[in-house]
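I opened the notebook to record what I looked up in this complex. The entries follow the order of my checks.

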Amino acid sequence: MPSRAARSPMAAPQSFLWTRRVVLTLLAGFVLLPVYVMISSSLKPLQEVSGKFQWIPHGLTVQPYFDIWETVPLGRYFVNSLIVAGSATVLSVVIAVFSAYAVSRYSFRGKRVFTVTVLSTQMFPGILFLLPLFLIFVNIGNSTGLALYGSRGGLILTYLTFSLPFSIWMLIGYFDSIPRDLDEAAMVDGCGPIRALFRVVVPAAVPGIVAVSVYAFMTAWGEVLFASVMTNDETRTLAVGLQGYSTLNDVYWNQVMAASLVVSVPVVVGFLLLQRYLVAGLTAGAVK
Amino acid sequence: MTATVTTDPGPATSAKGTSRGSGGARRRMPRIPDRIRQGGLPYLLLLPAVLLELLIHLIPMIVGIVMSFRQLTQFFINNWSAAPWTGLDNYRLAVDFDAPIGEALLHSFFVTCVFTFFAVGLAWLLGVAAAVMLQENFRGRGVLRTIFLVPYALPVYAAVITWAFMFQRDNGLVNHVLHDQLGLTDQPSFWLIGDNSIYALIIVSVWKGWPFAFLMLMAALQNIPRELYEAASIDGAGIWQQIRKITLPSLRPVNQVLVLVLFLWTFNDFNTPYVLFGKSAPANADLISIHIYQSSFVTWNFGTGSAMSVLLLLFLLVVTAVYLFFTSRGRKGSRA
């Protein structure tokens, strides 16, 4: 990575170095400010977060981290979010792998229609198909007894289509960069196309698949609009459940911050560990 | 891609002259079993994706368009096909700018335009600045890159709820700094209701959105060949000149896509205002998505809500088409 990153062989002038220092410091401050507020406030007792803001916490306490599980059923929301985001990720990646393989390795009628249509669904405002989807789910439930509205299944189906277009697009770029000779050689050796896909193409595309999985999981973990309409008390996810810390009179801000931190940790850690792959995947897509 | 459209045997066998036919057939011979085996396989591979896109996106979109021509209120939720047809009434209601509903929609549209302009512009600007400043290797570069991606990685609701806390009037950080520490305001101001809410919304949206611009631009910068910079510096170009003459121009193709994507996401953004303000956004930050959501789910009038959604989609389609037309033409022009 450093090979191409370094720019000029000659020393940068002071004006550039200072601009860089100032710009980067300001940006880092802007980015980290809420993170600091989140962490520091989560360690304060309630009366401290209810009064004037304090930069440095006085009465340090970890009590909010225990209370968050009592005030709202955070554990249940957590499990719901894990099930929904996990299933949506697995399904979305598997489906994207199949689609990308077809587009990358075969020529067939309607290929262009498929890629263009799938990508253009990205631009639809969520609100446009929220109302109809809500009605469709309700009506499917009424006529077949298949509970999509209010269930995790409905949410999983919805979320997996959110990450599908980008995942397919990114994996096509990745698969295209894998030499066709590899899977053709496997087919000569007697593999069918599907076995060639899983034995040759998928192993060679692991970084791309990891990147796509991270993206799919983050998308599902963070979605609010559909979660707010499509879930009930039993299936509520974190996105909606986190609002349960505010009552009519009071907001338990220390608990809100503690809960925000707890629900962020899985995705942030995963993302930061795997960000290399995401950048590499984007680069592969951009090369096309 | 277009040269190998051989899956359809019709034109290949009928249209071509017989003299070349035998040669072509012999040349293609070994591939025929392949083709037969391929058969419907690509379609089979695409089937799950197509079915899901149909179920979740395309059919609902069509249903939405149908709904916009019906008088769909809460009485018909469970049996929406019984809702009476109303022709263009829902559209008339939505664009009658003298009546309260149309006037509110128009206002919301203007607010969204202003918000999108500033939020996209600032996010893009910060993304370019950070990507350019981090292009060259130096100590701490990796750490900074990781830090800059944190807002992208945080779940929207966790990040926005933290900003909501910071913008609280009595116990928030923003007023503590502006009022108590710097003394810039006479009174602690309200940020989440009233006139200031649009500023709060833009700040949060930029904070949340700029790392994506940064990520895309950073990936694009890695594809600029190093030789360009070496040649330029041999010719005596300073670093500022290199940025202006090499780096920024080579970002153009990425910018074309990036600005469009940022525009569409920001214009349609629901999550940020919904978490920041709750179900009823203040008038000055009443983004179009929230507005439609409220008109539909608070008043349970799905017909009018659908009409508004369809109008929104038409607007986005027109803007996208015009944008792509002009930016593509510009690129061709500069290349010639």
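How far apart do the end C-alpha atoms of residues 146–166 of chain B lie, and how much of the span is helix? I looked it up: the ends are 23 Å apart. The span is 86% helix and 0% strand. I keep in mind that this is a predicted model.

**Confidence**

I checked the scores next. The predictor gives the complex an ipTM of 0.86 and a pTM of 0.84. Chain A averages a pLDDT of 84, with 92% of the residues at 70 or above. I marked residues 1–9 of chain A, where the pLDDT is below 50. Beyond near neighbours in sequence, that stretch has 18 contacts in the model.

Chain B has a mean pLDDT of 81, and 85% of its residues reach 70 or more. I marked residues 1–33 of chain B as well, with pLDDT below 50. That stretch has twelve contacts beyond near neighbours in sequence. I then compared the elements of chain B. Helix H1 (residues 9–14) of chain B has the lowest mean pLDDT, 39. Helix H6 (residues 100–133) of chain B has the highest, 93.

**Annotations on chain B**

I read the UniProt record, an unreviewed entry. It places "domain: ABC transmembrane type-1" at residues 109–323 of chain B. In the model I find that stretch to be 73% helix and 0% strand. Its end C-alpha atoms are 19 Å apart.

The same kind of record carries the annotation "transmembrane region", also from an unreviewed entry. The spans it covers in chain B include 41–69, 146–166 and 198–221. I looked at residues 198–221 of chain B: the chain is 100% helix there, with 0% strand. The end C-alpha atoms of that span are 33 Å apart.

**Chain A overall**

I counted elements in chain A and got 14 helices and zero strands. The C-alpha atoms of chain A fill a box of roughly 70 × 70 × 35 Å along the principal axes. Of its 288 residues, 48% count as buried. I also checked contacts in chain A between residues at least 6 apart in sequence. Of these, 75% join residues at least 24 apart.

**Where the chains meet**

I listed both sides of the contact. It takes 91 residues from chain B and 85 residues from chain A. Helix H4 (residues 41–67) of chain B supplies the largest share of the chain B side, 16 residues. By class, I sorted the chain B side into 59 nonpolar, 26 polar and six charged residues.

**The nonpolar core**

I looked for the largest nonpolar core and found one of 169 residues. A:Leu171, B:Val160 and B:Leu276 have the most contacts inside it. Helix H11 (residues 197–221) of chain B gives the most to this core, 16 residues. I then followed A:Leu171. Leaving out residues up to four places away in sequence, A:Leu171 touches A:Ala96, A:Val97, A:Ala100, A:Ala205, A:Gly208 and A:Val212.

**One residue, A:Leu119**

I found A:Leu119 in helix H6 (residues 111–120) of chain A. Why does A:Leu119 count as partly exposed? It does so because it has 13 C-beta neighbours inside 10 Å, and the partly exposed class lies between 12 or fewer and 20 or more. Outside four places in sequence, A:Leu119 is in contact with A:Pro165 and A:Trp169. I also took one distance: A:Leu119 and A:Ala258 are 37 Å apart, C-alpha to C-alpha. In sequence they are 139 residues apart.

Methods. Residues are numbered from 1 along each chain as its sequence is written. Chains are lettered from A and ligands numbered from 1 in the order in which they are written. This is a predicted model: local features need pLDDT of at least 70, side-chain atom pairs count only at pLDDT 80 or more; totals for chains, interfaces and linings use all residues. pLDDT is the predictor's confidence in each residue, from 0 to 100. Two residues are in contact if their C-beta atoms, placed from the backbone, lie within 7 Å. UniProt positions are given in the numbering used here, feature names are shortened, and annotations may be inferred rather than shown by experiment. Helices (H or I, at least four residues) and strands (E, at least two) are DSSP runs, numbered from the N terminus. Ala, Val, Leu, Ile, Met, Phe, Trp, Tyr, Cys and Pro count as nonpolar, Asp, Glu, Lys and Arg as charged, and the others, Gly among them, as polar. A nonpolar core is a set of buried Ala, Val, Leu, Ile, Met, Phe, Trp, Tyr and Cys residues joined through C-beta atoms within 7 Å.
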